[in-house]
Structures are given as C-alpha cells and as structure tokens.
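Biologist: Please take a close look at a single part of this model. How are its pieces arranged, and what lies against them?

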Amino acid sequence: MDDCLESPMANKYSLRKKLKLPILLKALKINKNDTLLDVGCGAGVFSQEMALYGGKVIGLDYSDTNVRAVRERYKLSNLSFEVGDAANMPFKNEMFDSILATEIIEHIEDDNKFVSECYRVLKKSGKVVITSPCTNPTISVDWMRRLFAGIDITKDFGHKRGGYTKDELFNILRKNNFEPIKVVYYDLLFGEIAWVITCMPRALTNKNWKSGEGQDKLGSSFMFNIYKVIFPLIYGFAKLDFFLKGLRGHHIMVVGRKN
C-alpha cells in the first residue's frame, strides 16, 4: 500500500472522518482496561481518538513513513504505533480486546488471510469492527464520483476491489469463525454527495490529488480557506442522511465477535 499520511489540517476538516467517528466509537464501546488495535492506521487519527477514551491502543501500518510521522505527531502515554503487515501481524495470539479495521480490507490482496489474522490476535469474546465501501447502495452516486471527481472506486486510492456487500463481509467473518453481530450503513446519499462536492475543487486543480499530493500547502490555499468557511454547511447537508435510515449506504460497517 502507498503512504496515506494526511496533514493535520486535512484531518481536521475531513468530512469522511467527522461523519464516521461517532459510528466507530459506538461500535467499539471502549473500556479503560481494554487493549485495542487500529490496523491500517494511516494518519493515526482514529488511533488517537480511541486512546482518548482510555485503554491501551496500538496503531499498525504497513508504511514505515506513516509510522515514523505519527509517532512524532501523537504523544499519548497509552498510544503506540508499529510497522507491520495486516495479513501477517507482528503480535502474539489473543492480545487484543477489540480491533478497528476501517477502510483497510479493500486494500488487501488476501482479505481472507487478514480476517484470519484478526481472529488470531483477538482475545476470546473480542470483536473486530470492519468498514469498507459498499458495492450495492440503495441509491448509487458512482456516476457522480466518476463524472465530477474522476474517481473510480474499484481501483483508485490503492483499492484491490471496490468494496463489499453485507453478505460478502458476513461470509468472510463466518469463514474465519467470527459471529457477525451488527451491520451499519452510512453515507446513505447526502453524505456521499457532500463528499463528492469536497473532492471537486481538488480534482480540478490537482491531477494527482488522490495520492495526497499538495497537502502541505493547504494552509495557504485559497480554495481550502473557502472550504473551511463553508464546511459547517457541507456537514449539515451530509447529516440529512438522518432522514434516510433503512437504506443501504455507500459505506458499510460490520462487527464480528470471536466465540
């Protein structure tokens, strides 16, 4: 996988992260005595948020560049970062109470091996929280992603596949002895449209924006400063998904328990 270290400014105004964070924290139900793993932690944003809730948190990422950077960025005593392969984790058996794997499984060639590794390093009754793009949303805006932002979700951002359906994720959990206990859809419609809107200026001004290029210049960017001002409006528009509960969204979260 490529480096995916986002700048602090980009993280602060990330619509995706702001919408997803409360969903993840609700699913994790973090206790102070828990040991947690954020696998494929990237910029370490969710690792830090988990650590703020207590417990011991380890962020794992394939990129040495990412890990060295986040070690400097985050200085919590209960938070550490390690370099390692998600399909061959450098941890002993039954080490973690919970694992967060957000937007990582679609990047991994052998997704079955990855879920098997999650099972191995989880304690009995531990849970894994997996999120991914959903390939069968009720109302697809894939055409909008392609037309206005030039995004092909099946291959951009280092994806090995475009995502999963609920049945596909439940099947891979069951195949590796997990009991699927929960599914949540998000970015139902307005959230995904809002995200495409945030991508459009970058797509117009930076041909390589999907690689994260140019983030070091965000603070001096005229377009980004406008975006910061209107961000509350964009976020409010995305929250209209509240009225569409029951639909399959453009992203899916499943929770599996190790029996």
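Modeller: The part described here is the sheet, followed by two helices that lie on it.

This is a predicted model, in which local features need pLDDT of at least 70 and side-chain atom pairs count only at pLDDT 80 or more, while totals for chains, interfaces and linings use all residues. Residues are numbered from 1 along each chain as its sequence is written, and side-chain values use heavy atoms, leaving out hydrogens and water.

The sheet is open and has seven strands, in the order E3-E2-E1-E4-E5-E7-E6. Strands (E, at least two residues) and helices (H or I, at least four) are DSSP runs numbered from the N terminus. Two strands count as paired if DSSP finds at least two bridges between them, and here the pairing is mixed. At the edges stand E3 (79–83) and E6 (178–186); each has a single partner strand, so one side of each is left without a neighbour in the sheet. On average, neighbouring strands are turned by 20° against each other, direction ignored.

One pair within the sheet is E1 (residues 35–39) with E4 (residues 96–102), which run in the parallel sense and share three bridges. In this sheet, Leu-37 stands opposite Ile-99 of E4.

Helix H4 (residues 64–73) lies across E2 (56–61) and E3, and runs at about 160° to E3. Such angles, from 0 to 180 degrees, are taken between N-to-C directions of lines fitted to C-alpha atoms, for helices over the stretch in contact; contact means heavy atoms within 4.5 Å. Helix H7 (residues 166–175) also packs on the sheet, where H7 touches E5 (122–133), E6 and E7 (251–258). The direction of H7 makes about 155° with that of E6.
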